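Visitor: Could you take me through one part of this model in close detail? I would like to follow a single aromatic side chain and see what surrounds it.

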Amino acid sequence: MGDNPAREEMDWALYGQGVRELAQMVADDGYRPDMILAIARGGLFCAGSLGYALSVKNVYVMNCEYYTGVGERLEVPVVLPPQLDLVDHRQSKILIADDVADTGHTLKLVRDYCLDEVAEVRSAVLYEKSHSLVKCDYVWRRTDRWINFPWSTLPPVVDLAEAGFQVLDA
């Protein structure tokens with residue numbers, strides 16, 4: 001990846017180091033989540049990696065949409081179907097995982113969804129920006145720059161018009 005001073009550049013090797021150090025922060029703090037909740041899509045990578053590092057097999061996903069492009073976003077984040085049912089998780093400790101806490105709106109939406117439904121909720125992110133509404137419990141790095149993640153830097157290998165992207169109904 002080229003150097004761009006206006007952006008954080010994360011390649012796969014740096015991701016591996018960062019997510020491992022993030023997992024170590026959680027472990028060193030003594031937090032033992034029963035479930036890791038990924039905020040899709042960026043949080044899927046972190047959640048899976050944290051699940052392996054923290055020996056947590058229960059990894060769930062909430063699909064949210066907020067950013068539609070670089071610096072382009074919806075007015076408010078929305079939860080896409082199917083929605084997570086927490087009815088059997090009243091005694092669970094949850095670790096919400098995402099790649100970045102940018103505005104914090106998506107993390108707040110997911111955290112608020114969980115707060116009254118489970119025993120405890122904490123959050124872990126690779127990056128947190130200073131203006132985030134949510135101050136995460138575990139943060140690998142802080143930055144106010146746009147972040148180029150290894151999974152989203154290159155364009156899709158399919159034509160988006162032909163891909164037939166659609167939101168599935170519950």
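**A closer look at Trp12**

Guide: Let's start with Trp12, which is partly exposed, because its relative accessible area is 48% and that category lies between the 20% and 50% limits. Please keep in mind that this is a predicted model.

Now for its partner. The count of aromatic pairs comes to 8. One of them joins Trp12 and Trp151: the ring centres are 5.8 Å apart and the planes meet at 55 degrees, a tilted arrangement. This pair links distant parts of the chain, as 139 residues separate the two. Trp12 belongs to helix H1, which covers residues 12-28, while Trp151 sits in the loop between strand E8 (146-148) and helix H4 (160-163).

The two tryptophans also have company. Together with Tyr15, Phe45, Tyr127, Trp140 and Phe149, Trp12 and Trp151 make up one aromatic cluster.

Let's step back to the whole chain. The protein chain has 4 helices and 8 strands, and from the N terminus their order is β-α-β-α-β-β-β-α-β-β-β-α. A link across the sequence fits a wider pattern here: of the contacts between residues at least 6 apart in sequence, 69% join residues at least 24 apart.

As for the setting of Trp12, 41% of the 170 residues in the protein chain count as buried, whereas Trp12 itself is partly exposed. The accessible surface of the chain is about 9,800 Å², and carbon and sulfur atoms account for 50% of that surface.

Conventions
Residues numbered from 1 in each chain as written. Predicted model: local features only at pLDDT ≥ 70, side-chain atom pairs only at ≥ 80, totals over all residues. Heavy atoms only, no water. Buried < 20%, exposed > 50% of the residue type's maximum accessible area, 1.4 Å probe, protein only. Contact = heavy atoms within 4.5 Å. Areas by Shrake-Rupley, 256 points an atom, 1.4 Å probe, with all protein chains shown as cover. Phe/Tyr/Trp six-rings, centres within 6.5 Å; stacked < 30°, edge-to-face > 60°.
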